[in-house]
Amino acid sequence: MKAAGKRQKREDYRRTHKEQGNAALPQKKFYRQRAHANPFSDHQLTYPASPALMDWSPYYPAFITPDPQPTPNDPAPKALTKPVTVADIGCGFGGLLVALAPRLPDELILGLEIRTQVTEYVEDRISALRAQHAAASSSDGRYQNIACLRANTMKFLPNFFTRAQLSLMFLCFPDPHFKARKHKARIVSGTLCAEYAYVLRPGGCVYTITDVEELAEWMRGRFEAFGKVGGEGGEGGEGSGVGVFEEVPLPGEGEEGTWVDEGGEKGRVGLLVRCIREETEEGKKVTRNGGKKFVSVFRRRADPAWPDEV
Amino acid sequence: MPKRPCAIVLTPDDSTILCADKFGDVYSLPLMGRRYETKAVNGIDANGTNGTSDRNQKQKPFAPSATSLTVHTKRNRDALRQQQKLNETKAEKKALNFDHKLLLGHVSLLTDIACVLRASPSQKLRNYILTSDRDEHIRISRGIPQANVIEGYCLGHTEFITKLCVPPVYPHLLISGGGDDYLILWDWRAGRLLQQLDLKQLVATLRNTHLGAEVVSESSTTKDTETQVDSALRICVSNIQALEIEKQKVGHPGVEIIVTCEGVPALFTFTLGANAQLQFNATIHTESNVVDLTVLRNQNSVIYSMDNCHQSWSTDVSSDTASQSPRGLMGSPSYCTDSKTWKENQVLQANLVAATRECADSYSQISQAGVAHGKPLTDLLYGLESLRKRGSDNETEV
């Protein structure tokens, strides 16, 4: 009966939270969910059949293109003034989203999370932040440029984003799937790199962080081998030639500040690396427990020329 | 193969097999591949000496990748302690002993694969791989050796896809079908949907006349567009084939597209013209449910096989007249280029009957032995419907 009581408390909490206009930040304890989800099973997911059919208006209400002649029952979704360009895959409780919102004010940032409870928490958190900062003088501080939705990105990433739409992708503290048998369920695999390369624009970057050294090595291995001759699909050795991703040099722990001061591309890397090291919920937890953090960043190169063009 | 293959295709240069599997991966295998001696796997290497000690040196001792810094709960810590105690090398998975290479992968069950050559803007032939999966995606990748580059997606289906068909004369077009109500015609390189054709309507029309049981002339069934579509009716395309019609006169080559659905006793034929539009041509009624279909390119004909174990329109109710004539196993309509209609090919049919009679005799002996009955037989003949997501059923009911 304990579980039922818990559920009851949860529902009560969320109802009152909604009634109060979501002004207070939600409490995590009412949104706990098991830390793992099976990416292969058919969840009750909602996703657009194609990116063109995605209705972003509930997520970014401040960025909808005003329709000069609104037609009721228009099936076409309302267009955004600019496309989403930053994706936090597996955003968890949304610490990174909230940290990025004022730091990347010109980008639309989307968090994708597979667990329903956690997604709801992030949604409530964002709406609370928006309510609290509605009066902010600058448009930068109003948290209108972040949103979160529930999705299984391993399956449905191309349903949300078109080719070369994203300029930044974050994979922060992904489920390590320790057993070799479960490696296919990892968010980085030789075959999934193809989808990440598809949605990232040339020059766009993937930021990865984990506290599991073996997983860090695995992710680096997959990204580095991807696209190399003999390294196709990633599992078959390192390969030779030029891959699709190149590793970006990073500031050491504590050096981010000097990078930020230098500004430019280096400053941006420093800023984002500091964000994923210190602002993610999981990053804070690892610091608390005295764990290590392994960061690596990869920049996407342009697609290779077709064999007939060489 | 590592997992159950779902579809295989040869590359256009006939040198390589592409194999799409249940795990979502596509492997390439040379057609004339070599099989390696299984070395070291059996513990004895090529020299005949016992290779186990050698192998142990090569393999790294098993070390759990989790550390006490990464797991925190009591149970996980216990599990980690157990693993650290158990420092034995785990049995490595047996390596495949033939040439194979992982080309690309979906995180979904793959259902079909096609390999197409298309001319580039500079008139050079380019190779593409098209893959379809259970999660409504059709992925367009470059061919070998750049299969890791995704060129685009054809997105528009709302259920699993079962079949891709690229007509050889019109390699820029793609026809796909599956568990939703539509056939879709694509300009696949642009990922552009050209035409959505309501197949369920055709099936429903046919089914209503079947259920009505009264004599309705064939012409009225095909023209009747205002049919009540049973909302519970689910269709599942089992095959799409393109048949190039031999040119009689100068002009664009005509292509007939023949479509079959699971548990439906009919072939649906469409004409694909140079205007890149599919036009419904005719419904060919068959004696019982169609199981499979192939085309005879030089004879303007198709051959289909039928299920004589189940009643028409049903995938689980067995037929009362199980011992039908072997005529009930196959059929072969031909396309008549003059009248632009389909009719039965008498000569081919007679040959088929003769050829299948022997098989049918042995088949009846097998079925008497009770090899497959009931559900196993249904799964064998109509396995595609099981791809439908159960979650989506609940959603429609709620």
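These legends go with five close-up views of a predicted model.

**View 1. Helices H2 and H8 of chain A pack against each other.**
Let us start with two helices of chain A: H2 covers residues 95–103, and H8 covers residues 264–278. Their axes lie 9 Å apart and make an angle of about 155 degrees. Angles over 145 degrees count as roughly antiparallel, so that is the name for how H2(A) and H8(A) are arranged. The crossing of H2(A) past H8(A) is right-handed. To find the contact, look on H2(A) for A:Leu96, A:Ala99, A:Leu100 and A:Arg103, which meet A:Leu271, A:Leu272, A:Cys275 and A:Ile276 of H8(A). Sorted by class, this contact holds 7 nonpolar residues, no polar ones and 1 charged one.

**View 2. Helix H2 of chain A also packs against helix H3 of chain A.**
Stay with H2(A) and turn to its other partner here, H3(A), which spans residues 116–132. This time the angle is about 30 degrees, and the axes are 10 Å apart. How are the two helices arranged, roughly parallel or roughly antiparallel to each other? Angles under 35 degrees count as roughly parallel, so H2(A) and H3(A) are described that way. H2(A) passes H3(A) in a right-handed crossing. From H2(A), the residues in contact are A:Gly95, A:Leu97 and A:Val98; from H3(A), they are A:Val122, A:Arg125, A:Ile126 and A:Leu129. Among the residues of this contact, 5 are nonpolar, 1 is polar and 1 is charged.

**View 3. Helices H4 and H5 of chain A form another packed pair.**
H4(A) runs over residues 153–160 and H5(A) over residues 192–199. The angle between them is about 20 degrees, with 10 Å between their axes. That angle is under 35 degrees, and H4(A) and H5(A) are therefore roughly parallel to each other. Check the handedness as well: H4(A) passes H5(A) in a left-handed crossing. On the H4(A) side you will find A:Thr153, A:Met154, A:Leu157 and A:Pro158, and they meet A:Leu192, A:Glu195, A:Tyr196, A:Tyr198 and A:Val199 on the H5(A) side. This contact has 7 nonpolar residues, 1 polar residue and 1 charged residue.

**View 4. The largest cavity is lined by residues of chains A and B.**
What is the volume of the largest cavity? It comes to about 50 Å³, and the model has 1 cavity of 30 Å³ or more. From chain A, the lining takes A:Met154, A:Lys155, A:Pro158 and A:Glu195. Chain B adds B:His106, B:Val107, B:Ser108, B:Asp133, B:His137, B:Arg139 and B:Tyr153. Two elements give two or more residues each: H4 of chain A and strand E7 (137–142) of chain B. H4(A) gives the most, with 3 residues. The lining is a mixture of 4 nonpolar, 3 polar and 4 charged residues.

**View 5. The second largest pocket has a volume of about 1,100 Å³.**
This pocket is lined by 44 residues, and those closest to its centre are B:Ala7, B:Thr111, B:Asp112, B:Thr162 and B:Lys163. Several elements of chain B give two or more residues to the lining, including strands E1 (5–10), E9 (161–165), E13 (237–245) and E17 (290–296), as well as helix H6 (374–381). Which element gives the most to this lining? That is E5(B), with 7 residues; this strand covers residues 110–119. By class, the lining has 27 nonpolar, 9 polar and 8 charged residues.

Notes. Residues are numbered from 1 along each chain as its sequence is written. Chains are lettered from A and ligands numbered from 1 in the order in which they are written. This is a predicted model: local features need pLDDT of at least 70, side-chain atom pairs count only at pLDDT 80 or more; totals for chains, interfaces and linings use all residues. Side-chain values use heavy atoms; hydrogens and water are left out. On a 1 Å grid over the protein atoms alone, a cavity is a set of points where a 1.4 Å probe fits but cannot get out, and a pocket is an open set with protein on both sides within 12 Å along at least five of seven lines; lining residues have an atom within 4 Å of a point. Grid points are joined across faces, edges and corners, and a volume is the space filled by probe spheres set on the points. Helices (H or I, at least four residues) and strands (E, at least two) are DSSP runs, numbered from the N terminus. Ala, Val, Leu, Ile, Met, Phe, Trp, Tyr, Cys and Pro count as nonpolar, Asp, Glu, Lys and Arg as charged, and the others, Gly among them, as polar. Axes are lines fitted to C-alpha atoms, for helices over the stretch in contact, and angles run from 0 to 180 degrees between N-to-C directions. Angles under 35 degrees count as roughly parallel, over 145 as roughly antiparallel, 65 to 115 as roughly perpendicular and the rest as oblique. A crossing is left-handed if the near helix is turned anticlockwise from the far one by less than a right angle, and right-handed if clockwise. Contact means heavy atoms within 4.5 Å.
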